[in-house]
Amino acid sequence: MSAGPDHYAALDVAPDASAAEVRAAWRLRLVAFHPDRFRDEDQRRRAEELTQRANEAWQVLGDPVQRSRYDRLRRSGPQAPPPGPPAPPVRRVPCPGCASRVAVDDPGGIVVSLRCPGCGQGFSALVGARVVGRAHLERRWRSRRHRRVVASARGALDTVTFRKLPIELALSEGELVSIVFHPTRGRPVYTIAHDEGGLDLGWRVR
């Protein structure tokens with residue numbers, strides 16, 4: 001049914017309730033929410049509204065002909081449109097220049113271009129990727145590099161190399177992360193771990 005009142009909800013009965021059940025529910029609401037039972041003005045006003053809704057419902061549901069017509073309209077009314085896809089969660093990543101937090105809709109593990117509202121610096125970040133496996137350590141002469149594989153929401157794999165990887169950043173398989181890159185050198189500057197509860201933890205990785 002469209003925007004009309006839900007008389008069954010007003011009496012707190014099921015649509016297939018018997019006539020006796022409808023009558024009993026109507027009488028119960030008249031007794032329970034009689035305005036004279038309430039001294040507080042707001043409660044009295046609310047009781048009057050509930051009583052009025054119960055009486056309106058009884059006028060329809062208490063008459064077999066009107067109830068039958070109401071049920072037909074209720075069944076043939078337009079259906080509510082299916083809910084659309086949920087909005088992507090908002091991730092917040094630090095600017096590599098001034099460390100101000102920049103909000104971005106989660107693109108599902110792809111690299112996006114951002115601009116810091118604080119300092120105006122433009123930079124890129126890989127936002128909303130999933131960790132795959134463990135980080136791999138590569139030794140090259142006196143330097144060391146840490147290689148980490150991440151996956152997008154579509155399953156595409158990407159490899160990111162870090163100059164340093166803090167011990168605290170021992171991310172496990174499947175964790176959700178974002179990686180902020182240097183605006184000119186393209187190296188990772190920050191790694192942020194996103195908790196499903198909304199808590200973000202970030203580490204500087206250069």
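Q: How much area does the chain expose, and what share of it do carbon and sulfur atoms supply?
A: Let's start with the surface, using accessible areas from the Shrake-Rupley method with a 1.4 Å probe, where for residues only the protein chains shown count as cover. The chain exposes about 13,400 Å². The share of this area that carbon and sulfur atoms supply is 50%.

Q: What kind of model is this, and from which number are residues counted?
A: This is a predicted model, in which local features need pLDDT of at least 70 and side-chain atom pairs count only at pLDDT 80 or more, while totals for chains, interfaces and linings use all residues. Side-chain values use heavy atoms, with hydrogens and water left out, and residues are numbered along each chain as its sequence is written, from 1.

Q: How many helices and strands does the chain have, and in what order do they run?
A: Helices (H or I, at least four residues) and strands (E, at least two) are DSSP runs numbered from the N terminus. The chain comes to four helices and nine strands. From the N terminus on, the order is α-α-α-α-β-β-β-β-β-β-β-β-β.

Q: What percentage of the 206 residues is buried?
A: Buried means under 20% relative accessible area, exposed means over 50%, and partly exposed is in between (1.4 Å probe, protein chains only). Of the 206 residues of the chain, the buried part is 34%.

Q: Is serine 178 buried or exposed?
A: Serine 178 lies in strand E7, residues 176-181. Its relative accessibility is 0%, so serine 178 counts as buried.

Q: Which residues of E7 point the other way from Leu176, Ser178 and Val180?
A: E7 is mostly covered, with six of its six residues buried. Leu176, Ser178 and Val180 point one way from the strand. The residues pointing the other way, also buried, are Val177, Ile179 and Phe181.

Q: Which side chain makes a polar contact with the side chain of serine 178?
A: A polar contact is a pair of N or O atoms within 3.5 Å; within protein, one must be able to donate a hydrogen and the other to accept it, and residues adjacent in sequence count only if both atoms are side-chain atoms. The side chain of serine 178 reaches the backbone nitrogen of glycine 128 at 3.2 Å. The side-chain partner, at 2.7 Å, is histidine 194.

Q: Which residue of E8 stands opposite serine 178?
A: Two strands pair if DSSP finds at least two bridges between them. Six bridges join E7 to E8 (residues 188-194), and the two run antiparallel. They form a hairpin with six residues between them, and glycine 186 in the turn has a positive phi of about 75 degrees. Opposite serine 178 in E8 stands isoleucine 192.

Q: Is aspartate 12 buried or exposed?
A: Aspartate 12 sits in the loop between helix H1 (7-11) and helix H2 (19-32). Although it is not a glycine, aspartate 12 has a positive phi of about 60 degrees. Its relative accessibility is 63%, so aspartate 12 counts as exposed.

Q: What is the phi of alanine 99?
A: Alanine 99 belongs to the loop between strand E1 (90-94) and strand E2 (101-105). With 39% relative accessibility, alanine 99 counts as partly exposed. Although alanine 99 is not a glycine, its phi is positive, at about 70 degrees.
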